[in-house]
Amino acid sequence: MLRSARVLPLCLKRLSQCRQLTSTPLTIPAKTQGVLPTSQSAIVSKMQFFNSVTPDGSQIPTYRVIDGSGKPIEGAEVPEITEELARRLYEYMQLLPTLDNLLYNVQRQGKISFYMTSYGEEATVIGSAAALAPDDEVLGQYRESGVLLWRGFGLSNIMSQCFGNEDDTSSKGRQMPVHYSSKEHHFHPISSPLTTQVPQAAGVGYALKRDPARRDKNIAVVFFGDGAASEGDFHAGLLLASTIPSPTLFIARNNGFAISTPSTEQYYGDGIAARGPGYGVDTIRVDGNDVLAVMNAVTEGKRRCLEGGRAVLIEAMSYRVSHHSTSDDSFAYRPRSEVEDRKRIDNPISRFKLYMESRGWWSEEEDEALKTRLKKEVMDAFKKAEVRKRPELGEMFKDVWGGEEPWMIKEQREELGALLKKYGETWEPWRNELAKFKDNGKKLLE
Ligand SMILES: Cc1ncc(C[n+]2csc(CCOP(=O)(O)OP(=O)(O)O)c2C)c(N)n1
């Protein structure tokens, strides 16, 4: 009683102030007119709260071109691609699982330490790669090796990186497998900490905008998973690209899982696409298993980025068919039957194969021949990389800082040298390990 007795006069005073305000219209400075919401903005008679979660369960639509049986959907915009381009798309989509099968097994044999596949996301990655220019700057998460392959990085560079051998042009044998990079192919280094690439991409996009030679030509493209989009860096990146506009294309690969966490536990709203409008970013959701739809969406996304100098968000829907990585057993958290069903029912490769066949561009014989050729090419690259030595052991201390070598690096190198002197020749595990390096670690002893 006492409390409300004190509060009531205060409320009445505020109410009368409000009345005064509404009866004397505010003068809005010209600069902010139409920019800031004010009490003069359009008034709704009934309060309309809005949400991406709707009472009738309707969702942001998914853009598609071909259906599950490879047939163009009625009224769909089928891109005018040549038979040659269609064959190339199909070949690169087939190359990914061929490569993944081999490296997955190679990891199981203990020959490489780790591996991650792109199973189920072939159309998202290859469709995007095909729609971009080879010098658009790409910042990947880790399932986008298809972009590099599409750009001509080559199987031998992929193998050398995974083996960390002396031919590893990405990281001189210093990185975990799948951490590719290539300046020549405009593919920025993969980094393990999730989502760091997202705000970086907004920066890369801004740098492109500042460069007169590239501002009308190139965009920054960043790939990230639905799990990565749960990190603060996702929001930082989108906010950055929204407030300091830049031609940055954000491609969310929504494959349904962040390791064992299903996407349903990662957001309550309507996926990642629902977040774009909050940042004033043009957004589309696309069927990530439909390579033609992905190509169209990325082509249009890039056009909008360049035209408006602003960011665009694409959410590509797919399903992560593989375990998260070789360190994961996904059957501990999802039924095997679900994975088998998804592989069969909505396979991006067979969908496109059916489309190719319907155009008279592909046959079973060609399919067999392609698979045999790809297997051989992958196997040849693997055999070459497997026997190559690792870079000189001392390489690991180089290029850490530019300029003069700091004291701690010097100290660490000396420490390793001393350990090598003590155990290198006498202790078998060390002897065996050192034999894998180009110089057997000898240079560190000098
Ligand atoms: C900052 C950070 N937190 C956690 C991890 C561990 N981690 C690696 S991948 C991953 C899941 C990412 O899922 P998503 O972004 O959906 O990509 P997907 O693997 O499904 O392609 C997690 C949690 C990490 N690498 N970095």
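1. Y142 is buried because 22 other C-beta atoms lie within 10 Å. Here a residue is buried if 20 or more other C-beta atoms lie within 10 Å of its own, exposed if 12 or fewer, and partly exposed in between, with C-beta atoms placed from the backbone. Y142 sits in the loop between strand 2 (137-139) and helix 4 (145-150). Helices (H or I, at least four residues) and strands (E, at least two) are DSSP runs, numbered from the N terminus. Leaving out residues up to four places away in sequence, Y142 touches M116, V178 and I190. Contact requires C-beta atoms, placed from the backbone, within 7 Å. The C-alpha atoms of Y142 and H179 are separated by 6.8 Å, with the two residues 37 apart along the chain.

2. A word on the model. It is predicted: local features need pLDDT of at least 70, side-chain atom pairs count only at pLDDT 80 or more, and totals for chains, interfaces and linings use all residues. Residues are numbered from 1 along each chain as its sequence is written. The pLDDT, the predictor's confidence in each residue from 0 to 100, averages 91 over the protein. At least 70 is reached by 90% of the residues. Residues 1-26 stay under 50. For residues 1-26 the model has four contacts beyond four places in sequence.

3. The overall layout. The protein comes to 13 helices and nine strands. Of its 446 residues, 38% count as buried. Among contacts with a separation of 6 or more, 74% join residues 24 or more positions apart.

4. V178, a partner of Y142, deserves a look at its backbone. V178 is not a glycine, yet has a positive phi of about 70°. V178 lies in the loop between helix 5 (155-163) and strand 3 (187-188). Is V178 buried or exposed? V178 is buried, because 25 other C-beta atoms lie within 10 Å.

5. N440 is another non-glycine with a positive phi, about 50°. N440 belongs to the segment after helix 13 (428-434). N440 has 19 C-beta neighbours inside 10 Å, so it counts as partly exposed.

6. Next, the core. In soluble globular proteins, nonpolar side chains tend to be buried together. The largest nonpolar core here has 86 residues. Such a core is a set of buried Ala, Val, Leu, Ile, Met, Phe, Trp, Tyr and Cys residues joined through C-beta atoms within 7 Å. I126, V222 and I314 have the most contacts inside this core. Helix 2 (residues 83-108) gives the largest share of the core, nine residues. Beyond four places in sequence, I126 touches L89, Y92, M93, G146, W150 and V291.

7. V291, one of the partners of I126, is among the buried residues of helix 8. Others buried in helix 8 include L292, A293, M295 and C305. Helix 8 (residues 291-308) has 18 residues. From first C-alpha to last, helix 8 reaches 26 Å, close to the expected 26 Å. The expected span is 1.5 Å times one less than the number of residues. G309, just after helix 8, takes a positive phi of about 65°.

8. Helix 6 (residues 197-210) agrees with its expected span, because 14 residues at 1.5 Å a residue should span 20 Å and the end C-alpha atoms are 20 Å apart. Buried residues of helix 6 include Q197, V198, P199 and L208. What do the buried residues of helix 6 pack against? They pack against strand 2, strand 4 (220-225), helix 7 and strand 5 (248-254).

9. Helix 7 (residues 232-243) holds L238. L238 counts as buried because it has 24 C-beta neighbours inside 10 Å. Beyond four places in sequence, L238 touches F250, Y279 and V281. The C-alpha atoms of L238 and V281 are separated by 8.3 Å, with their positions 43 residues apart along the chain.

10. R373 is in helix 11 (residues 364-387). R373 is partly exposed because it has 14 other C-beta atoms within 10 Å. R373 and L95 are 278 residues apart along the chain, and their C-alpha atoms are separated by 9.8 Å.

11. Last, the ligand. It is surrounded by 15 residues, counted when the C-beta atom, placed from the backbone, lies within 6 Å. The closest are L194, G225, G227, A228 and A258. The shell divides into six nonpolar, five polar and four charged residues. Ala, Val, Leu, Ile, Met, Phe, Trp, Tyr, Cys and Pro count as nonpolar, Asp, Glu, Lys and Arg as charged, and the others, Gly among them, as polar.

Methods: Contact = placed C-beta atoms within 7 Å.
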